[in-house]
Amino acid sequence: VLQMLVFNRKSKDYIETFMKMEGVNTLPLQLHNPENYSGRLLLANGEVAPSMVLQQGRHARLKLINAMSGSNNIANIGFIGSAAASCQLHVLAYDGVYISAPRRQRSVLIPPGGRADVAVKCRKVGRHVFRTLMEGVENLGGVFGEEGFTVLALDVHSLADPHAADILPSALPGPPPFYADLSNAKPEGHHTIMLGNVAGDQVVNGKLYDGTVSHTMRPDSIQEWSLIGGEGHGLQKSHPYHQHVVHFQVAKVARASLTEDSLVAVQGDYRDTLPLYRDLNYTVRFKNPFTGRMMVHCHITKHSDLGMMTVVNFTSRTASLNLLSPSYRSHPFVLAALSCLFVVSIACSIVGLKRLRTYRCRCHGNYVSFS
């Protein structure tokens, strides 16, 4: 679990400033800093620069969770320098869902709240450091922009039996059976989510969260959504999109000015968190078998607390009043029209009952009235 603490009082990410969340959080932090440290600390499971012993040629599986806070909290992690030449990194899963085969990469990019399972091994004896780096993501905004912060130091020892070195399987389990490949499926519903806007407001589709349902769908339907970043220009500003309940499959990655690579997203993978930019958007598909509400929000806690969140509903019932926006629901003319419809329906029911009571038919030679 990766966490970043900023002790520079002049930084907008200073731990006390950040935790207050512009007045939203009133709980005292009770920070004690007797040495007046003013830099940054990257913690891995609560430790600074932790280490582990690894046998030469053997893999270690690491489950990485990006719990970093602040404005630049996308983590890009890999090997630097001589370690990059002697060590390998393979991605096994994103956000708890296996990919189809081990994917060798220079580094792994994890948005805030995202998870990644990786396998690392080194063929040379010595200390090799797994750390933050900027190579390959120089143009992306929101990335933790300092190289060299240690995530894990690997102390590689020689292997007594060189034949005991392990190899990764050529194939992985892939997504579970309930996450089918929707690449060639026909979508039954479409929706668009835009996080933020040009003005920098903390909104979803131009609206602050107000507790209402913004979109209604039928359970077990194949949904195709467009995920769009609305703030800034190009790849300047990032808002990590996250949805609850079910993962989504990446159907398309739309890049306006980014070279093709597998760091940000790969078509066909199942994810639940992706960084959105103005010029880096996605088309995703998913199928939710459950009824009820699903939360969608920016995975930067401060942003979601300030309103960058919405709720959608999966229901088999036909949506009526929920299809209206909140402003129309409370409009006096709409309320008057609904009241009229209610009165008319009651009147029709009374007339219908009277007709039933006076209706007569001949059964077995006798007239019988319905009651």
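Are cysteine 87 and cysteine 122 buried or exposed? In this predicted model, both cysteine 87 and cysteine 122 are buried, and the two residues are joined to each other by a disulfide with an S to S distance of 2.0 Å. The count of disulfides comes to one. The bond connects distant parts of the chain, given that cysteine 87 belongs to strand β6 (residues 87-94) and cysteine 122 to strand β9 (residues 115-122), with the two positions 35 residues apart in the sense that they are 35 residues apart. The torsion about the S-S bond of cysteine 87 and cysteine 122 is about 105 degrees, and the disulfide is therefore right-handed. Another cysteine, cysteine 298, is likewise buried, its relative accessible area being 0%.

The largest nonpolar core comprises 40 residues, and those with the most contacts inside it are Leu140, Ile193, Leu195, Trp225, Tyr241, Tyr282 and Met294. Strands β12, β14 (222-229), β16 (248-255), β18 (273-276), β19 (280-287), β20 (292-298) and β21 (309-314) each contribute at least two residues to this core, and the largest share, four residues, is supplied by β19. Apart from this core lies another one, of 35 residues, which includes Ala60, Val91, Tyr94 and Ile99.

Methionine 294, listed among the core residues with the most contacts, touches Trp225, Gln243, His244, Val245, Val246, Phe286, Thr310, Val311, Val312 and Phe314 when residues up to four places away in sequence are left aside. Trp225 also appears in the surroundings of histidine 191, a residue whose contacts, with the same exclusion of residues up to four places away in sequence, are Asn205, His215, Glu224, Trp225 and Ser226. Histidine 191 is placed in strand β12 (residues 189-195), and with a relative accessible area of 13%, which falls under the 20% limit, histidine 191 is buried.

Confidence in the prediction varies along the chain, for which the mean pLDDT is 84, with 81% of the residues reaching 70 or more. Over residues 318-331 the pLDDT is below 50, and the model gives this stretch 16 contacts beyond near neighbours in sequence. The pLDDT also stays under 50 over residues 350-371, a stretch that has 14 contacts beyond four places in sequence. Where pLDDT is low, the predicted coordinates should not be read in detail.

How values were computed. Residues numbered from 1 in each chain as written. Predicted model: local features only at pLDDT ≥ 70, side-chain atom pairs only at ≥ 80, totals over all residues. Heavy atoms only, no water. Disulfide = S-S within 2.5 Å. Buried < 20%, exposed > 50% of the residue type's maximum accessible area, 1.4 Å probe, protein only. Contact = heavy atoms within 4.5 Å. pLDDT = per-residue confidence, 0-100. Core = buried A, V, L, I, M, F, W, Y, C linked by side-chain atoms within 4.5 Å.
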